[in-house]
Amino acid sequence: MLADGFSLNTIYMVVGFLLSMFSCVSNDIIQTLGTFLSANKNTKSVYIWLFISAVLVITITTGWVVNEGDLSFGRLDRIPVAETFSIIHVLPPIILLILTRYGIPVATAFLILSIFSVSNAEVIGLMLTKSFIGYGTALICAIIIYSIIARPIERYFYYTQKKQGTQISKWWMVAKWCSTAFLWSQWIMQDAAILFVFLPRKASVGELIFVLTACTLFLGVVAYNRGGEIQKIVKMKTNVQDPRSATIIDLIYASLLLYFVTLNNIPMSTTWVFLGLLAGREIALYHRLRFESPKKMYKHVFKDLAKVTFGMIISLLVVVILTQFHIVKDFFIMHFMG
């Protein structure tokens, strides 16, 4: 990666990777570590940092060894390798960071990867299709599962969590940490395309060490900030701060990601899968337990769907403007200033 020295192309590549990695993790933190952070609000940040860093290092290193230097777990097989990098490649992660700052769950995969796939509309179409299917699959699975377990399990969690003096078994906390490790590793494998699209398809030992060091340092920031503004989407959901409920959410979501990881190597927006899961859970809990009014429940569901749809539209518009700037400029001049 740095073999050619500090040329402008190398600088854009390194900066692009750092910004892409940080913006991707910051935006998608709600999916993977959101319930974990909520359930461990009293745990010291340094312990959280060491735990999530260890899972990341093990997952990425294992993938690098098994895939003979490929950090992306094959997720970039359909994405062309950029011959040169420019400011156009660096702008999407910067925009993603800005949108994340305001709590908008942007379709990270489209905003970052579409810049590299602008000449291949088929790849973008496949990513869109897989993400929509992911939302629908997660929605249906959550409705079915939570319709079954809402009364015997979730109702018990809800009322015992509300009851003062109730001690949750330490084994549930162990289960929560284990389920988070499972989920966190699956997310890294699924979103490896976004994390490493700026890097060579075959990474050297030095490049692997650089990646692991950078990711670990950024995770320290994430642990210290406890997820940031976008974490509010998780906190609004029913009883997610209970580690028992959070463990079930993680296991379902991780299983869904495992299915889509093994289905094919097409990148997708994991945000759509996660919000589909939360939407199905809220709908099932309302119909089975009536914890809140239907107006409030559906408001949360449609608000999240509107946010993620808006984020996807913004992502695609940004890509079009950046890659077709001269066409957009000529259109604007012709129709509005002509």
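## Helix α12

How many of the residues of α12 are buried? The count is 18 of 20, so mostly covered is the right description under a cut-off of 20% relative accessible area. Helix α12 runs over residues 270-289. From its first C-alpha to its last, α12 reaches 28 Å. That is close to the 28 Å expected at 1.5 Å a residue.

## Confidence

This is a predicted model. The mean pLDDT of the protein chain is 79. Of its residues, 83% reach 70 or more.

Confidence varies between elements. Helix α3, residues 45-66, has the highest mean pLDDT, at 92. Helix α14, residues 325-336, has the lowest, at 54.

## Overall build

The protein chain has 14 helices and 0 strands. Read along the sequence, its pattern is α-α-α-α-α-α-α-α-α-α-α-α-α-α.

Now look at the contacts with a separation of 6 or more. In the protein chain, 86% of them come from residues 24 or more positions apart.

## Surface and interior

The protein chain has 338 residues, and 52% of them are buried. About 15300 Å² of the chain is exposed. Carbon and sulfur atoms supply 68% of that area.

## Cysteines

A disulfide is a covalent bond between the sulfur atoms of two cysteines. The structure holds 0 disulfides.

Is Cys215 buried or exposed? Cys215 counts as buried because its relative accessibility is 3%, and buried means under 20%. Cys141 has 28% relative accessibility, so Cys141 counts as partly exposed.

Conventions
Residues are numbered from 1 along each chain as its sequence is written. This is a predicted model: local features need pLDDT of at least 70, side-chain atom pairs count only at pLDDT 80 or more; totals for chains, interfaces and linings use all residues. Side-chain values use heavy atoms; hydrogens and water are left out. pLDDT is the predictor's confidence in each residue, from 0 to 100. Helices (H or I, at least four residues) and strands (E, at least two) are DSSP runs, numbered from the N terminus. The expected span of a helix is 1.5 Å times one less than its number of residues. Buried means under 20% relative accessible area, exposed over 50%, partly exposed in between (1.4 Å probe, protein chains only). Contact means heavy atoms within 4.5 Å. Accessible areas come from the Shrake-Rupley method with a 1.4 Å probe; for residues, only the protein chains shown count as cover. A disulfide is a pair of cysteine sulfur atoms within 2.5 Å.
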